[in-house]
Structure formats: C-alpha cells, structure tokens
Amino acid sequence: MNRIFMLIAAALPILAGALLPAWRFQKRRSREIYVLSAVCATSLIVLGLLLRRPEGALRLIRLTRTLDISLAIDGLSGVFAGLVAVLWPLASLYAFEYIKHEGGDDRFFAFYTVSYGVTLGIAMSANLITMYLFYELLTLATVPLVAHTGDRRSVRAAKKYLGYSIGGAACAFLGMMILYVYADQSLTFVYGGFVQERTPLILAGYLLTFFGFGVKAAVFPFHGWLPSAGVAPTPVTALLHAVAVVKAGVFAVMRVTFYCFGPEVLRGTWAQEVVMAFAVFTVVFGSAMALREQHLKRRLAYSTVSNLSYILFGVTLMTPAGLAGALSHMVFHGVMKITLFFCAGAVMYKTHREFVPELAGLGRYMPVTFTAFTVASAALVGVPLLPGFLSKWNLATAALAEGGVIPTLGVAALLISAVLTAGYLFTVVVSAFFPVNGEGSHGLELAEDPNLYMKLPFFVLTALMAVLGMGSKGLLTLLSRIAWGEL
Amino acid sequence: MSDFVLLVPVFLPMLSAAAVYLVGRRSKKARDILADILGIGEFAVCALLLAYVCAGRVFSLEIPGVCGYGLSFKLDGFRALYALIAALMWMMTTVFSREYLAHYRNRNRYYLFTLLTCGATVGVFLSNDFFTTFVFFEIMSFTSYVMVVQDEKPGAMRAGETYISVAVIGGMVMLMGLFLMESRLGTLNFDRLHEAVTAKADLKELYLPGALILFGFGAKAGMFPLHIWLPKAHPVAPAPASALLSGVLTKAGIFGVLVLTGRVFLRDEIWGNALLALGVITMLLGAVLAVFSVDLKRTLACSSMSQIGFILVGIGMQGLLGEENMLAVWGTGLHMLSHSLIKLVLFLCAGVVYMNLHKLDLNSIRGWGRDKPLLNVCFLMGALGIAGFPLWNGYVSKTLLHESIVEYIGLTGGGIYRAVEWLFLLSGGLTAAYMTKLYVAVFVEKPDKPFPQTGRYMGLDSALAIGLPALALPVLGLFPSPLMGGAARLMQDFMVPDPQEVSIRWFSLTNLRGAAISLAIGAAVYFLFIRTVLMRREDGGRKRYVDVWPQWLDLETLVYRPLLEKALPFLAALVCRVLDNLTDWAVAALNRTLLRRKPIPPRNDGDYEPGDFTPHVRQSYTVMRISGSISFCLLLFGIGLCLAMGYLIFILLTR
C-alpha cells in the first residue's frame with residue numbers, strides 16, 4: 001500500500017474523535033455507527049498496511065536539519081499495531097453498552113477514538129522523536145478518560161497518572177538527549193541500535209530511558225498509577241490499561257533497547273543487570289499485591305503490573321529469543337487481560353459488585369461471563385493448550401539459554417508468579433461457581449449475562465485464546481523472525 | 001493402521017465431553033447411555049491398540065506446531081497397558097456412576113469434567129516428551145478439581161482447595177525443573193533423554209532439575225511430604241471419582257517418576273536412595289494413618305498413599321540395584337497394575353455403602369454388609385489382594401518388591417537396608433490389619449440396630465462394574481506366570497533400556513515366608529492394637545471404633561496452611577505495602593517541602609487594594625522593628641565583613 005495510508009491510519013481516528021462533539025449526535029445509535037465505522041475503517045487500513053507493508057518512511061514534518069517527524073512500519077510496529085487494531089473494535093462494541101450507565105458519551109468516545117490514532121502513531125513511529133511526540137500525546141489523550149467519572153477519586157487518579165507519565169517522559173527525554181548528542185543525530189530506529197560505544201554516560205542514558213518509558217509499563221517503583229487508574233470506566237481499563245497504554249510503554253522500551261541503544265552495547269553491563277533485576281522483582285511484586293487486593297479491578301491491575309514485567313524481563317534479556325518471548329507475551333497478555341477486564345466490567349455493569357467476596361455464586365447467573373473469565377484465568381496462569389503457557393515457556397527457555405543468576409531467578413519468579421496468579425484468579429472462579437453454602441446468592445436473582453454487544457467480545461476473545469493456544473506455531477515463528485530482525 | 005490412531009484415545013473423550021454435556025441438558029437418560037458408550041468405546045480402542053502392540057507394533061506420533069512446540073506421543077507396552085487400565089477404570093466407573101450419582105446435582109458437569117480428565121490422563125500416559133506430559137498433566141490437574149468438589153459441601157471445598165493448591169504449586173515447580181532440564185540436556189524427548197544424559201556424564205547438575213520435576217510428579221502421586229491432599233480429597237469426592245483419583249491419577253504421577261528414573265537417573269545410587277527414603281516414609285505413614293482412620297473411604301485413601309509408597313520403594317530399588325534391577329522393575333510395574341485394579345474394586349464397594357446409607361463412618365455402617373454376599377465377596381477379593389495374601393495379585397507384586405530389597409541386602413550386606421526390609425514387611429502387615437478392620441466392621445460385626453430394608457442395594461450394571469474387576473484379582477494371582485509375568489514383560493522396556501531375562505518362582509518357600517511374616521504382623525496389630533486401643537467400650541455397651549489420632553497432628557494444618565496463609569502473606573503484604581507506596585511517599589514528601597505552595601492571602605483583609613500586585617502580608621511588630629532599623633543594617637554589614645575577613649585569612653593560610 002501507499003505510504004500515505006500510514007498517515008491516514010493515524011490521522012483518521014484522531015480527526016474522527018476530535019470532530020465527534022461537532023456532530024451533536026442526538027441519538028445514541030448514530031453515534032455508535034459513527035464511532036464504529038471510524039474505528040473499523042482504521043483497523044482495516046492497519047491490517048492492509050500489515051499485509052502489504054509500504055517500504056521506507058513517510059516524512060511529515062521537518063524539525064531540524066537532522067530530526068523529523070516521520071512514520072514507518074517494520075515488524076515490531078506490525079505486532080503492536082496489529083494487536084491494537086484487532087482489539088479496538090471489540091472494545092468499542094463493549095464500550096457502547098457499558099457507557100450507558102456512565103454518561104458523558106460524547107467526551108468519552110471523542111477521547112477514546114483519539115487514543116486509537118495516537119497509539120497507532122506510537123506503533124508506526126520511524127524515529128525516537130516521533131515516538132516521544134505520540135507518547136506524550138497518548139498521556140494527554142487518556143487523562144480525560146481516567147477522570148471520566150469526575151468524582152474525587154478519579155480526578156486524583158488522573159492527576160497521579162499525569163504526574164507519573166510526564167515525569168517518566170521527562171526522564172526519557174533526558175536519555176534521548178544523551179543519545180542525540182553522543183550517538184546519532186537523526187534518532188532513526190535501526191535494528192541492533194545505532195550506538196557505537198559503551199560509555200558510562202550512554203548506560204546511564206539507557207537507565208533513564210528505560211525507567212522513563214517504563215513508567216507506562218508500570219515497572220516498579222513507578223507502578224503506582226496503574227491500580228489507581230482502575231477507577232476509569234471499564235472499557236478504558238480494559239483496553240488502555242491492559243493493552244494500549246501499558247503496551248505502548250513496553251513497546252517503547254523494546255524500541256529503545258533493540259533499536260536505539262542496541263543489545264550489543266548493553267549486554268553484560270551493569271545497566272542490564274539493574275533493569276532486569278527491577279523487572280524480575282516487579283513480576284513477583286505485582287502478583288503478590290494482586291493476591292492481597294480485594295477489589296477485582298485493582299486486582300487485575302496489579303496482575304497487569306506483574307505481567308508487563310514478564311514482557312520487560314524478556315526484553316532485558318537482550319537476546320532475540322528473549323524479545324520473541326516478550327512479543328508473544330505482549331500479544332497473548334493483551335488478549336487474556338482484556339477478557340478478564342471485560343468480565344469484571346460486565347459484573348459491575350449488571351450487579352454493581354466490585355469486591356471479590358461479593359462475587360460468590362455469580363457463576364450460575366452469569367454463565368457466559370464467568371466461563372470467559374475462567375478460560376482467561378486459566379490462560380493467564382499458564383494452563384497448557386491456552387496461550388499464556390506458550391509465552392511463559394518462551395520466556396523461560398530464552399532466559400535459561402542465557403544463563404546467569406538473574407535470568408534463572410527470573411524464571412523462578414515467573415513460576416512463583418504463576419502460582420500467585422492461580423491464587424488470585426482461581427479464588428474468584430471457585431467462589432463464583434462453587435459458593436460455600438450458597439453464600440452471597442441473595443439479591444442475585446436478577447443478575448444475568450449482559451446483552452450481545454458485551455457478550456460478542458467474550459465469544460470472540462475466548463475463541464481467539466483457544467486458537468492462539470493451540471495453533472499459534474505460525475504466529476510464534478513470525479514473532480521470532482521479527483525478533484531476529486528479519487522482518 | 002496409521003499412527004494418527006494415537007490421537008483417538010486422547011481426544012475422543014475430550015471432544016465428546018462437550019457433546020455429552022449438551023445432550024445431558026436435553027435428556028439425562030440419553031446422556032447416561034452416551035457416556036457408557038464412550039467409556040466402552042474408549043476401552044475398545046485401547047484394547048485394540050494393546051493387541052497391536054502385543055503383536056510387535058510400536059506407534060509413535062509427532063505433531064509439530066500444536067501448542068507452539070508440538071506434541072509427541074508414543075505407544076509401547078507399558079503405555080498401552082496403562083492406557084488400557086485407565087480406560088477400563090473409566091468404563092467401570094462410568095457405568096457405576098449412573099446409579100451412584102442418581103440423586104446428585106450437577107451431573108452434567110461431572111460427566112463433562114470426568115471425560116476431560118480421562119482424555120488428559122490417557123494423554124499423559126501416551127506422551128513421549130516432558131512437554132506433552134506437562135501439557136496433559138496440567139489439564140488433568142485442573143479438570144479433576146471439579147471431580148473433587150462435585151459435592152460443593154464445605155468439607156469438599158476445603159479439600160479441593162488443598163488439592164488445587166498442591167497441584168498448582170507442584171505444576172509450577174515441575175515446570176521450573178523442566179526448564180532447567182531442557183537447558184542442561186537440550187531435549188525433553190523420552191527417547192533422546194538417555195543419550196543426552198550419557199553424553200553429559202555429569203549427573204550432579206541434573207539433581208536439582210530432577211528434584212524439582214520429582215516434586216511435581218510426586219505431588220500428584222501422593223508422595224510424602226506432598227501427600228496432604230490425598231487423604232482429604234479422596235474421601236470427599238464421589239466414589240467413582242475417588243476410584244479414578246486413587247487408581248489412575250496417582251499413577252500419572254508415578255509415570256513421570258518412572259521416566260526420570262529409567263531415562264535420566266538410570267541406575268543412579270543417590271537418586272535411588274532418595275526415592276527409597278521418600279517411598280519408605282510414604283509407605284509407613286500411609287499405613288499408620290489408615291490403621292487409625294475410622295472412615296471407610298479415608299482408610300482406603302490412606303491405603304492408596306501407602307501403596308504409592310510401596311511403588312516408590314520399588315522405583316528406588318531400581319536405581320540402587322543397577323544392572324540387576326529386573327525384580328524391582330517387575331515389582332514396580334505389577335504393583336501399579338495391582339493397585340489400580342484393587343482400588344477400583346474397593347472404592348466402588350465403598351460407593352455402594354455410601355449410596356445406600358450416605359454414611360462412611362465405621363460405627364454407622366457397621367454390619368451393613370452382613371447379608372450381602374456379592375458385595376462381601378467383592379470387597380474380600382480387594383482386601384485379600386491388597387493385603388498381599390498368597391494366590392491374590394497383591395501377593396505377586398509385593399513379593400517381587402520384597403525380593404528386590406532382599407537381593408540388595410545380599411549384594412551390600414544389609415546395614416540400613418535390613419531396616420528397610422522390616423519396615424516394608426511392617427507396612428505390609430499394617431495393610432493386612434487395616435483391611436481386616438474394614439472387613440470385620442462392615443461385613444462381620446452385627447449392627448447396633450438393624451438397618452431398614454430397602455429392596456435391592458445395587459443394580460445389575462453396578463454389580464457388573466464391581467464384580468468383573470473383583471474377579472480379575474484372584475485370577476491374576478492364581479496364574480502369575482502367564483498373566484502377571486506377561487504384563488511385566490510388556491512393561492519392562494519402558495523402565496529399563498536393556499531388559500534382561502528373569503525367572504521367578506512365584507510361590508517358593510522364601511517368598512511365602514515373607515508374606516507369612518507380614519500377615520502375622522498384621523494379625524498381631526489387629527488383635528493387640530486395633531481391637532484394644534482403637535476400640536473403646538462405651539457406657540457398658542459394645543465396643544465402638546474411636547479416632548485417637550490427635551487432631552493437631554496434621555502436616556497441613558500444622559505447617560503448610562499456617563505458612564502459606566499466615567506467615568508468607570504477612571511478610572509479603574508488609575513488604576509490598578511499603579514498596580507500593582514508596583514513590584507516592586516521595587512525591588508527598590516533596591509536596592510538603594520543596595514544592596510547598598505559597599499560601600494565598602485572605603481577601604477580606606482590608607489592606608488589599610485592587611491593582612496591588614504585592615499584597616501586604618501582615619508582619620509581626622518585632623520583625624518590622626528589626627528589618628527596618630539601621631542597627632539591623634549594621635548587623636548585616638558586620639556579618640559580611642567577618643565573612644570577608646575569614647575568607648582572606650583562609651586564603652593567606654593556605655598559601
């Protein structure tokens with residue numbers, strides 16, 4: 001396809017979102033059609049772009065003699081853009097129904113659609129400065145979504161999110177400046193990186209960028225915003241805080257590690273040890289926090305904290321195999337976690353119950369929802385035949401192939417975290433399906449599965465998990481080729 | 001026949017599970033018939049495969065790409081036989097459960113998950129690399145959870161909690177072991193493991209992965225100290241499910257241990273000793289727990305644990321005996337086989353009792369079986385079998401295991417292994433004692449008050465499901481050479497790469513002597529301990545069975561649960577809570593100090609005028625006096641002068 005389509009893919013949702021309030025939709029239905037057609041059109045363009053990838057970069061704006069804002073697609077962009085493009089329409093469907101009890105539809109869908117374009121922008125950035133631009137834009141576009149409810153809690157969460165993200169971006173900016181001055185003045189992504197020499201300053205710059213972009217990837221100690229942001233409406237938590245925003249952080253770390261600094265420069269340095277240690281720690285830490293959290297959405301948010309660090313752990317191995325594992329977990333985790341969040345949202349929507357002990361006995365009344373929840377839980381724990389198992393296997397084999405103390409500890413951390421995951425998810429499943437002495441079942445008689453808008457994503461996602469779990473050889477090979485820089 | 005036929009016994013039950021569930025929502029009767037047909041079909045497929053294998057055919061199938069890494073199956077003698085045993089048990093329990101579960105709720109769910117578990121278990125037995133084993137093993141763990149908690153009573157839920165916790169932790173520890181094993185050996189394929197190990201030559205660095213994998217498989221098998229779920233989960237599950245859990249699922253754990261022993265740690269002494277030690281503890285502990293138990297199914301469950309201990313002893317001896325381990329190999333294989341069949345019979349008998357009385361406490365069911373000859377005979381067959389009575393199948397396998405220990409004592413000159421032999425005989429004796437306790441309680445003693453007559457106590461199909469396997473037990477024991485020996489010959493290739501010829505005199509005097517010693521110990525324990533200490537006379541009436549095992553003495557409530565539910569969460573929560581807020585605290589501290597906002601002056605102050613950019617903040621009188629006076633200026637001038645002088649002196653001195 002022509003290179004101009006990259007611009008269209010990013011600009012279409014941004015424009016559609018920005019113009020949404022101008023239409024003054026009176027009917028819910030027409031707004032839904034408008035949003036859905038914009039989102040689906042974008043997704044189609046993205047899929048077309050992935051199938052027939054345009055060569056070269058599309059320069060949009062020239063900033064300085066060396067720097068410009070430009071878009072390009074390579075394998076890594078393809079993974080992120082493809083993931084987002086598949087999940088966004090589903091999440092939009094879900095949001096149509098869910099937002100009915102939140103209100104403020106115009107504002108919500110405007111920013112929701114804008115975020116789509118910005119996320120695609122991050123995926124298709126050709127150089128660091130472009131990615132930085134879209135990265136900041138993503139923060140700004142999603143803050144109103146976090147604060148959507150407008151009560152004190154959500155405003156505080158939004159402020160916290162803003163503070164963390166801007167702070168992180170500032171750190172990343174510093175790192176970027178170091179790169180600009182000491183390495184390469186165009187900052188264009190090249191597989192294997194463009195840094196030639198290993199100096200302490202460069203390594204310090206890597207740490208800055210890692211933790212800076214790591215804020216959105218919720219790496220410890222910058223994870224605090226993610227559980228707080230769970231107050232946002234569920235479509236936001238599900239899509240943005242399980243897939244788009246947090247994966248943008250992870251994606252940025254991948255770009256920085258493999259396409260800017262380069263694994264050759266970083267491998268075996270203290271910087272690698274530091275970032276890997278933080279990732280490994282976050283894996284166990286997030287799961288442990290999730291285990292003691294009683295609010296279902298916050299529990300899932302902590303679970304995301306942990307799982308994002310699985311990905312970061314794979315990245316910090318700084319081997320192609322590690323990156324392949326990281327990519328596979330990035331894709332699989334997206335599918336699994338969005339399902340879990342959708343289920344949590346469906347429960348909140350139908351019964352207004354948010355805390356885990358309140359869910360006892362709901363399985364009988366909301367069978368579809370909880371079946372999807374069960375499948376996704378099992379997948380996230382890493383039950384074989386489901387996708388989570390594969391990515392963990394990939395990550396662990398990559399880590400052990402690397403050898404060394406921290407990677408081995410990391411594998412142990414993955415497994416400990418899997419046990420904890422079973423602890424915090426299966427307790428929900430078990431109490432939903434097997435309530436002890438029928439506890440909590442009063443007042444549930446009216447609870448039922450949500451309507452088709454919300455159920456359709458469940459069916460699609462559950463089927464997707466089964467397919468990914470059993471027949472993903474092709475996908476894994478593709479990811480592995482991307483990780484080796486062949487695509 | 002194409003090798004793809006191997007997929008049939010694995011995926012037939014798994015795929016048809018959904019069909020059974022859907023049919024069951026329409027018609028219960030059709031579902032029962034469909035489930036029976038599936039059970040029989042599965043058995044027929046496995047029997048056919050075994051026939052092919054007996055004729056010398058070996059099936060092996062690799063499906064690359066599925067689940068990312070490809071699954072690998074193989075069918076040799078051992079696997080074919082064990083798949084057949086699993087299918088047999090599934091067929092019998094399915095037939096039996098129609099009557100047993102008649103008054104249960106959620107039967108569709110039961111059938112759904114039993115069939116899934118069935119397929120997964122056969123998958124474990126057919127697998128040919130640890131990856132495939134792990135895949136099916138995990139599925140089996142999770143689907144069998146639903147079988148355990150079928151009742152949904154608090155007791156069942158608690159037992160299920162223990163079960164799933166052990167399964168999850170065991171599975172993950174095993175996975176860690178598999179990762180390490182793969183990174184050190186480069187393969188997980190059973191056929192290539194042995195070569196990889198011999199090429200490696202240094203077994204030392206394989207002990208850690210080996211131990212981790214053993215942890216996972218041992219947890220499922222009920223090996224000490226991971227046995228905690230077994231005496232709890234088996235009694236609370238419905239009887240057919242208990243029979244499966246005890247007869248087949250524990251063997252799936254043993255399967256993995258066998259692979260480790262035969263392929264990785266072949267003839268390794270350290271490994272053998274470790275397994276022997278664990279086996280002896282499991283064997284003895286299970287037997288002692290069973291002697292103390294006053295619940296029919298709990299006794300049987302503890303007995304299962306003890307028999308797993310026997311099998312582990314056999315596996316340990318395989319490692320120790322080195323080249324001459326054929327007796328241990330045969331003993332292990334045959335005891336697995338015997339135990340599966342015996343436990344099928346015994347648990348189904350217990351199921352008949354429960355189905356009629358809804359009680360399992362020995363005092364409540366006492367004497368119920370007196371006028372029921374069929375049940376009586378079936379139970380007796382199982383009891384004699386497991387007690388190792390000559391002419392029954394348990395005798396054959398236990399004798400072989402005993403012989404292997406004796407052989408090792410002959411090779412090394414005894415020492416600690418003499419104690420092992422006596423513990424082995426003692427455990428055998430305890431087995432006889434607790435089985436006598438059960439048999440006497442249910443079938444010999446008179447009931448406290450007559451049970452109400454309720455027509456037939458079991459239907460024809462249930463009777464067949466119990467009777468046929470019960471019949472097999474003495475038949476196997478009566479003709480050990482063709483039947484048991486033939487089975488062992490089929491199984492041996494799996495356990496050792498180069499099996500040698502064995503000739504065994506099954507009923508030689510020395511072998512009979514071992515059985516006699518065991519049975520004598522059993523009689524002594526029964527009359528001197530069970531009838532005196534474990535039965536008390538209550539207010540002049542008759543003696544009743546009492547549970548004298550101290551409640552607190554339970555590894556789970558004593559160690560594991562406090563550790564996992566209290567200590568670790570407390571520590572983790574403390575650490576996490578502090579760390580979780582670390583960044584926020586830093587921000588808060590900054591807000592209080594550096595970033596503190598200037599207060600906005602109150603508006604109705606009087607001295608605030610429009611257009612005045614510097615609102616007059618009211619200052620205290622003292623401050624005004626100081627800052628406004630000339631002496632203040634002089635003071636500041638003096639300080640500045642002093643500093644300048646000091647600086648000059650400093651420079652002069654350092655010159």
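Me: In chain A of this predicted model, in which helix is confidence lowest and in which is it highest?
Reply: This is a predicted model, and chain A averages a pLDDT of 88, with 98% of the residues scoring at least 70. Within chain A, the lowest confidence falls in α17(A), at a mean of 87, while the highest, at 93, belongs to helix α12 (residues 296-316) of chain A. The pair asked for is therefore α17(A) for the lowest and α12 of chain A for the highest.

Me: Which helix of chain B has the lowest confidence?
Reply: The mean pLDDT of chain B is 85, and 95% of its residues reach 70 or more. Confidence in chain B is highest in helix α8 (residues 207-221), at 92, and at the other end of the range, with a mean of 67, stands helix α23 (residues 621-628) of chain B.

Me: What are the ipTM and pTM of the model?
Reply: Beside the confidence of each chain, the model carries two scores of its own. The pTM is 0.82, and the ipTM is 0.77.

Me: Is chain A compact or spread out for its 487 residues, and what is its radius of gyration?
Reply: Chain A comes to 18 helices and 2 strands. For 487 residues the globule rule gives 23 Å, and the value for chain A is close to this, so chain A is as compact as a globular protein of that length. Its C-alpha atoms fill a box of roughly 65 × 55 × 45 Å along the principal axes, and the radius of gyration is 21 Å.

Me: How does the radius of gyration of chain B stand against the globule rule, and what is its value?
Reply: Chain B comes to 24 helices and 4 strands. The globule rule gives 26 Å for 655 residues, and the value for chain B is well over that, so chain B is more spread out than a compact globule. The C-alpha atoms of chain B fill a box of roughly 120 × 65 × 55 Å along the principal axes, and the radius of gyration is 35 Å.

Me: What percentage of the residues of chain A, and what percentage of those of chain B, count as buried?
Reply: A residue is counted as buried if 20 or more other C-beta atoms lie within 10 Å of its own. By that cut-off, buried residues make up 62% of the 487 residues of chain A, and for the 655 residues of chain B the figure is 52%.

Me: Which helix of chain A supplies the largest share of the side that touches chain B?
Reply: The contact takes 34 residues from chain A and 33 residues from chain B. On the side of chain A, the helices that each supply at least two residues are α11 (270-291), α15 (387-402), α16 (405-433), α17 (452-470) and α18 (473-483). By class, this side has 26 nonpolar, 6 polar and 2 charged residues. The largest share, 7 residues, comes from α16(A).

Me: How far apart are the end C-alpha atoms of helix α13 (residues 320-351) of chain A?
Reply: Helix α13 of chain A is mostly covered, with 28 of its 32 residues buried, and His352(A), which follows it, has a positive phi near 60 degrees. At 1.5 Å a residue, the 32 residues should span 46 Å, and the distance between the end C-alpha atoms agrees, at 46 Å.

Me: Which residue comes just after α13(B), and is that residue buried or exposed?
Reply: Helix α13 (residues 326-357) of chain B has 32 residues, of which 29 are buried. The residue just after α13(B) takes a positive phi of about 55 degrees, and its place is in the loop between α13 and α14 (362-365) of chain B. With 10 other C-beta atoms within 10 Å, this residue is exposed, and it is His358(B).

Me: Which residue does Phe220(A) join through a cis peptide bond?
Reply: The bond has an omega of about 0 degrees, and the partner lies in the loop between α7 (200-214) and α8 (225-228) of chain A. In the loop between α7 and α8 of chain A one also finds Ala218(A), which has a positive phi of about 55 degrees although it is not a glycine. The partner of Phe220(A) is Pro221(A).

Methods: Residues are numbered from 1 along each chain as its sequence is written. Chains are lettered from A and ligands numbered from 1 in the order in which they are written. This is a predicted model: local features need pLDDT of at least 70, side-chain atom pairs count only at pLDDT 80 or more; totals for chains, interfaces and linings use all residues. Two residues are in contact if their C-beta atoms, placed from the backbone, lie within 7 Å. Ala, Val, Leu, Ile, Met, Phe, Trp, Tyr, Cys and Pro count as nonpolar, Asp, Glu, Lys and Arg as charged, and the others, Gly among them, as polar. pLDDT is the predictor's confidence in each residue, from 0 to 100. The expected span of a helix is 1.5 Å times one less than its number of residues. A residue is buried if 20 or more other C-beta atoms lie within 10 Å of its own, exposed if 12 or fewer, and partly exposed in between; C-beta atoms are placed from the backbone. The radius of gyration is taken over C-alpha atoms; the globule rule is 2.2 Å times the number of residues to the power 0.38.
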